[in-house]
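Student: Pick one part of this model and take me through it closely. Connect it to whatever else helps me place it.

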Amino acid sequence: MIALSINGKTYNVDAESDTPLLWVLRDTVGLVGTKYGCGIAQCGACTVHINGVATRSCQVPVGTVGSKQITTIEGLAENGKMMAAASLLKQNAKPTDADIDAAMTNICRCGTYQRVRAAIHAASEHA
Ligand code: FES
């Protein structure tokens, strides 16, 4: 059994220590807001916060997490927000376009990068 702190609650999960955190979150804990996209740390669909840092959970063996605090999209806000954007705004309340481009490395098949940038600027006005 591995103890995990997820969204402020402790979960004891029965998983192999080398199982990616993504699959433990989705299949064992049932927090399916964290998505599978590529499985190779490229797309960002699986992003969670580990001790406040945006992290691609498909590349994190669950046995390496220990007592670190995991926050999933379900824990971020009732209606969900972007994990990487929330992490960026926590570190930099007024990011420039370049700051946003550097932090928002998620791959979006719809190509909405301009809208993502505009949304983060709008959110920063209310931070
Ligand atoms: S699933 Fe694409 S980065 Fe993890």
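**From a loop contact to a helix**

Tutor: Start with a polar contact: the backbone oxygen of proline 61 lies 2.7 Å from a polar atom of the side chain of threonine 64. (A polar contact is a pair of N or O atoms within 3.5 Å; within protein, one must be able to donate a hydrogen and the other to accept it, and residues adjacent in sequence count only if both atoms are side-chain atoms.) This is a predicted model, so local features need pLDDT of at least 70 and side-chain atom pairs pLDDT 80 or more, while totals for chains, interfaces and linings use all residues. Residues are numbered from 1 along each chain as its sequence is written, and side-chain values use heavy atoms, without hydrogens or water.

Threonine 64 sits in the loop between β4 and β5 (69-71). (Helices, H or I of at least four residues, and strands, E of at least two, are DSSP runs numbered from the N terminus.) Threonine 64 is partly exposed, at 47% relative accessible area. (Buried is under 20%, exposed over 50%, partly exposed in between, with a 1.4 Å probe and protein chains only.)

Now move to glutamate 125. Its C-alpha atom is 37 Å from that of threonine 64, and the two residues are 61 apart along the chain. Glutamate 125 is exposed, as are Gln114 and Arg115, on the other side of α5 from its buried residues.

That brings us to helix α5, residues 113-125. Its 13 residues should span 18 Å at 1.5 Å a residue; the end C-alpha atoms are 19 Å apart, which agrees. (The expected span is 1.5 Å times one less than the number of residues.) Val116, Ile120 and Ser124 are buried in α5. Down the helix axis, the buried residues fall within an arc of 75°, so they line one face. (The arc is that of the directions from the axis to the C-beta atoms.) These buried residues pack against α3 (83-91) and α4. (Contact means heavy atoms within 4.5 Å.)

Salt bridges also link α5 with α4. The whole structure has two of them. (Each is a side-chain nitrogen of Lys or Arg within 4 Å of a carboxyl oxygen of Asp or Glu.) Arginine 117 meets aspartate 97 at 3.8 Å, N to O. Here arginine 117 is in α5 and aspartate 97 in α4 (residues 97-103), 20 residues apart, so distant parts of the chain are linked. Aspartate 97 counts as partly exposed, at 34%. Arginine 117 also pairs with aspartate 101, with the closest N and O atoms 2.9 Å apart. That pair again joins α4 to α5, across 16 residues. Aspartate 101 is partly exposed, at 42%. Through shared partners, Asp97, Asp101 and Arg117 form one network.

Two other loops deserve a look. Asparagine 7, in the loop between β1 (2-6) and β2 (9-13), has a positive phi of about 50° without being a glycine. Its relative accessible area is 27%, which makes asparagine 7 partly exposed. Asparagine 51, in the loop between β3 (47-50) and β4 (53-56), also has a positive phi, near 50°. Asparagine 51 is partly exposed, at 46%.

Last, the cysteines. Cysteine 43 counts as buried at 13%, and cysteine 46 is buried at 4%. The structure holds zero disulfides. (A disulfide is a pair of cysteine sulfur atoms within 2.5 Å.)
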